[in-house]
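Work through these exercises with the structure open beside you. Try each task before reading its solution.

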Amino acid sequence: MLGKLIKDELKSYGFSCGIIFLTGTVFTIFMKILCMLPYRGDAKEVIQILVSYGWYFIIMMMSVAVHVLVIIRFYSTMVGDRGYLTWTLPAASSIHLWAKLIGGMLWRLLTVIVTVVLFVIYCFGSYWAFIDEITADVTFSEIMSELTGLFQPEFLIPILLMLIASIVWTAFAQLLIYMCIAVGQLFGKWRILASIGCYFVIMIAMQILSVMGMVMLSIGTVFNNMDININIDDIWGVSGVIAVVLLLGVGVNAALFAVTNHIFKNHLNLE
């Protein structure tokens, strides 16, 4: 059942995400052409910078649009008008949550890949005014050779940990909203406002806790001569820090998933 639900989730985003990706591609090509036009004097650099800011904004909006689609689909199919159809399927609440999470995550990861491809399309070329001055005597192959020479085999572990941690914390943003929607549906007609309020309360609490943690760490370091013993130059130290962040993310995500599943399993309210 999980496989069928995930397949349905992937299909449901196809048309909308396709339109979003097509729009981002069209704007990327259009703005690339604007940057390639033969401007005179300093106008070339000014226009390229302004166009690049516009391109960056559009690409960021593409990611936001996909994230919003994921939220809308979760709300409409879990607690909205289509919720009755969802909960009549022979699947546990945890299966529904896994399907929504995996389907949304796959489309969001695909959005990241599309963004990288569009970035390469937009930036590739020798028409950039501010880059021509810097790399006038440097070829692309020489730059790639230098970057390749900087890479060391021991960098592979922290890079992999960082990629996994990025995926885990990307899932956190999705699970947090899922939990807020689950909490909000307990309030009947006020479910949307309750979900938004729950989200802001949690975000404010997280900000307060993070600030308190930083203050306590600073006070302990200054007045108690605490030695953190993390050498950023040591690759294993960096890997350890990333591993802690990764484990923290896994724990938080597990808690969010458990709370959301408990609410849908025992306190579902589709009124």
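The exercises below go from the whole chain to single residues of this predicted model.

**Exercise 1. The whole chain**

Task: State how many helices and strands the chain has, and what share of its residues is buried.

Solution.
- Step 1. Count the elements: the chain has ten helices and zero strands.
- Step 2. Read them in order from the N terminus: α-α-α-α-α-α-α-α-α-α.
- Step 3. Turn to burial. Of the 271 residues, 32% are buried.
- Step 4. Look at the contacts between residues at least 6 apart in sequence. Among these, 81% join residues at least 24 apart.

**Exercise 2. The length of α2**

Task: Check whether the span of α2 agrees with its number of residues, then find what its buried residues pack against.

Solution.
- Step 1. Take the 23 residues of α2 at 1.5 Å a residue. The expected span is one less than the number of residues, times 1.5 Å.
- Step 2. That gives 33 Å for α2, and the end C-alpha atoms are 33 Å apart, so the two agree.
- Step 3. List the buried residues of α2. Among them are Cys 17, Ile 20, Phe 21, Gly 24 and Thr 28. Met 31, Lys 32 and Cys 35 are also on the list.
- Step 4. Find their partners: the buried residues of α2 pack against α3 and α5.
- Step 5. Take Phe 21 as one case. Beyond its neighbours within four places in sequence, Phe 21 contacts Met 62, Val 66, Trp 107, Leu 110, Thr 111 and Val 114.

**Exercise 3. The nonpolar cores**

Task: Describe the largest nonpolar core and say which element gives the largest share of it.

Solution.
- Step 1. Start from a general rule. In soluble globular proteins, nonpolar side chains tend to be buried together.
- Step 2. Size the core: the largest one holds 42 residues. Phe 21, Phe 74, Met 78, Tyr 122 and Phe 264 have the most contacts inside it.
- Step 3. Name the elements that give two or more residues to this core: α2, α3, α5, α8 and α10.
- Step 4. Pick out the largest share. Helix α8 gives eleven residues.
- Step 5. Note a second, separate core of five residues, including Ala 165, Val 168, Ile 242 and Leu 246.

**Exercise 4. Two helices that cross**

Task: Describe how α3 and α8 pack, using the distance and angle between their axes.

Solution.
- Step 1. Give the geometry: the axes come within 11 Å and cross at roughly 30 degrees.
- Step 2. Add the hand. The crossing of α3 past α8 is right-handed.
- Step 3. Name the residues that meet. From α3 come His 67, Val 70, Ile 71, Phe 74 and Tyr 75. From α8 come Gln 174, Ile 177, Tyr 178 and Ile 181.
- Step 4. Sort these residues by type: seven are nonpolar, two are polar and none is charged.

**Exercise 5. Buried or partly exposed?**

Task: Classify Tyr 75, Ser 63, Ala 173 and Leu 270 by relative accessible area.

Solution.
- Step 1. Recall the cut-offs: under 20% is buried, over 50% is exposed, and partly exposed lies in between.
- Step 2. Tyr 75, in α3, has 23% relative accessibility, so Tyr 75 is partly exposed.
- Step 3. Ser 63, also in α3, has 28%, so Ser 63 is partly exposed.
- Step 4. Ala 173, in α8, has 27%, so Ala 173 is partly exposed.
- Step 5. Leu 270, in the segment after α10, has 17%, so Leu 270 is buried.

**Exercise 6. Far in sequence**

Task: For Tyr 75, Ser 63 and Leu 270, find contacts beyond four places in sequence.

Solution.
- Step 1. Tyr 75 contacts Gly 80, Ile 181, Arg 191 and Ile 192. Its C-alpha atom is 9.5 Å from that of Gln 185, 110 residues apart in sequence.
- Step 2. Ser 63 contacts Thr 111 and Thr 115. The C-alpha atoms of Ser 63 and Leu 109 are 9.8 Å apart, with their positions 46 residues apart along the chain.
- Step 3. Leu 270 touches Met 78, Val 79, Gly 83, Tyr 84, Trp 87 and Arg 191. Leu 270 and Asp 81 are 189 residues apart along the chain, yet their C-alpha atoms are separated by 8.3 Å.

Key. Residues are numbered from 1 along each chain as its sequence is written. This is a predicted model: local features need pLDDT of at least 70, side-chain atom pairs count only at pLDDT 80 or more; totals for chains, interfaces and linings use all residues. Side-chain values use heavy atoms; hydrogens and water are left out. Helices (H or I, at least four residues) and strands (E, at least two) are DSSP runs, numbered from the N terminus. Buried means under 20% relative accessible area, exposed over 50%, partly exposed in between (1.4 Å probe, protein chains only). A nonpolar core is a set of buried Ala, Val, Leu, Ile, Met, Phe, Trp, Tyr and Cys residues joined through side-chain atoms within 4.5 Å. Contact means heavy atoms within 4.5 Å. Axes are lines fitted to C-alpha atoms, for helices over the stretch in contact, and angles run from 0 to 180 degrees between N-to-C directions. A crossing is left-handed if the near helix is turned anticlockwise from the far one by less than a right angle, and right-handed if clockwise. Ala, Val, Leu, Ile, Met, Phe, Trp, Tyr, Cys and Pro count as nonpolar, Asp, Glu, Lys and Arg as charged, and the others, Gly among them, as polar.
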